[in-house]
Amino acid sequence: MIKDLLSGLTSVDPTDYRHLYDTSTEDGVVPGGGVHVTFLGVSTLLLADDENTIMTDGFFSRPGLLRARFGRLTTNRARVAGALARIGLTDLDALFVAHSHVDHALDAAEVAGRTGASLHGSTSTRRIAEAQNFDPTRFRPIETGQPVQVGRFTVTAIPAQHSPGDLAPGHIEHPVSSSPRLTDLKTGDCYSFHVAHPDGALLIHASANFLPGVLTPFPVDTVYLGIGALGHQTEEFRDAYWREVVEATGARRVVPIHWDNFTRALTRPVRTLPRRFDDFETSVRHLERRCAETGVLLVLPQVWQRTNPFA
Ligand SMILES: [Zn+2]
């Protein structure tokens, strides 16, 4: 019993997968002021060109496992400030939240508040922001299928489905505490984000699940593919996921996200989600096989590293 419990908490050191590391830039430089993307854990991604900067989720607090599961959740301002300082981010144009769980939405209001960004999310995300006294005039309710223009970035939210085994399903229907519990932060509406730019198009698909057919009208070069808990699904599910997200969009590059253990601070070496919650090796083996069969490039992002999504 104890042995099972402990082995469930072990995880994979991603440096074992360094053969998959993203080598699209040298020292993070993208020539010609082109789009660059920085992975910041879970599905927090920073996208920028030489004029504008957008982000998804903006989750940096990463409370420890026991606190996350049983305690009260508050934004860790020092961690948010530390992460923003490390990437040199003072001004952000827009922040888009994929759904309202802790590992996506907890810090969105803090990040948008500090950086002057507009905050785009569901009604549930709005409730979380309200509890944190976010300026309501900077909140933008997401309307799926309606493109939002941020400089040369065109961001379109597409309806999405949370991965199976949702711990806090439903919507946040009532005002929420400023220090909520995990289960208070209900999913709300889930989105994938299609980002088009003159340099290329990409999809940020945070949750490892799909709504059949919805991504077909949104071709992209690159998919940021959420693989959280994908390793615990069936092989049939993984095949369908590949078809509905990677094949449907015609992506030629797949970048797995939402695989890191988000109960560890980003200042510590990154580990995968513990085996009790996911099976990283199985997901990556599946993706490696599919990519080899189809000629799609698979790259594992490293936290903090600036990459070229269209290299
Ligand atoms: Zn979630």
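## Helix 3 and its surroundings

Gly88, which comes just after helix 3, adopts a positive phi of about 65°. The model described here is a predicted one. Within helix 3 the buried residues include Val80, Ala83 and Leu84. Viewed down the helix axis, the buried residues of helix 3 fall within an arc of 95°, and they therefore line one face of the helix. Ala78 and Ala85, on the other side of helix 3, are exposed. The cover over the buried residues of helix 3 includes helix 5.

## Overall architecture

The chain comprises eight helices and 14 strands. Its radius of gyration is 18 Å, close to the 19 Å that the globule rule gives for 311 residues, so the chain is as compact as a globular protein of that length. Along the principal axes, the C-alpha atoms occupy a box of roughly 55 × 50 × 40 Å.

Of the 311 residues in the chain, 47% are buried. When contacts between residues at least 6 apart in sequence are considered, 68% of them join residues at least 24 apart.

## The sheet containing strands 1 to 6 and 14

One open sheet has seven strands in the order 6-5-4-3-2-1-14, and its pairing is mixed. Strand 6 (139-141) and strand 14 (306-307) form the edges, each pairing on one side only. Strand 1 (residues 36-39) and strand 2 (residues 45-48) run antiparallel and are joined by four bridges. In this pair, Thr38 lies opposite Leu46 of strand 2.

Helix 5 packs on this sheet and touches strand 3, strand 4 and strand 5, with its direction at about 155° to that of strand 5. Helix 6 also packs on the sheet, where it touches strand 5 and strand 6; the direction of helix 6 makes about 165° with that of strand 6.

## Enclosure of helix 5

Helix 5 (residues 108-115) has six of its eight residues buried, so the helix is largely enclosed by the rest of the structure. These buried residues are Ala108, Ala109, Glu110, Val111, Ala112 and Gly113. Their cover includes three strands of the sheet, namely strand 3 (53-56), strand 4 (94-96) and strand 5 (118-121). It also includes helix 3 (77-86), helix 4 (102-105) and helix 6 (123-131). After helix 5 comes Gly116, with a positive phi near 80°.

## The sheet containing strands 7 to 13

A further open sheet of seven strands follows the order 7-8-9-10-11-12-13, again with mixed pairing. Its edges are strand 7 (148-150) and strand 13 (297-298); each has a single partner strand, so one side of each is left without a neighbour in the sheet. Strand 12 (residues 253-257) runs parallel to strand 13, and two bridges join them. Arg253 stands opposite Leu297 in strand 13.

Helix 7 (residues 235-249) packs on this sheet, in touch with strand 10 (200-205), strand 11 (222-226) and strand 12. The direction of helix 7 makes about 165° with that of strand 11.

## The environment of His99

His99 is located in the loop between strand 4 and helix 4. It has 26 C-beta neighbours inside 10 Å and therefore counts as buried, the threshold being 20 or more.

Apart from neighbours within four places in sequence, the contacts of His99 are His104, His162, Thr187, Gly188, Asp189, Cys190 and Ser207. His99 and Ala160, 61 residues apart in sequence, have a C-alpha to C-alpha separation of 9.4 Å.

Technical notes. Residues numbered from 1 in each chain as written. Predicted model: local features only at pLDDT ≥ 70, side-chain atom pairs only at ≥ 80, totals over all residues. Rg over C-alpha atoms; globule rule 2.2 N^0.38 Å. Buried ≥ 20, exposed ≤ 12 C-beta atoms within 10 Å, placed from the backbone. Contact = placed C-beta atoms within 7 Å. Pairing = 2+ DSSP bridges. Axes fitted to C-alpha atoms, helices over the stretch in contact; angles between N-to-C directions. Arc of directions from axis to C-beta.
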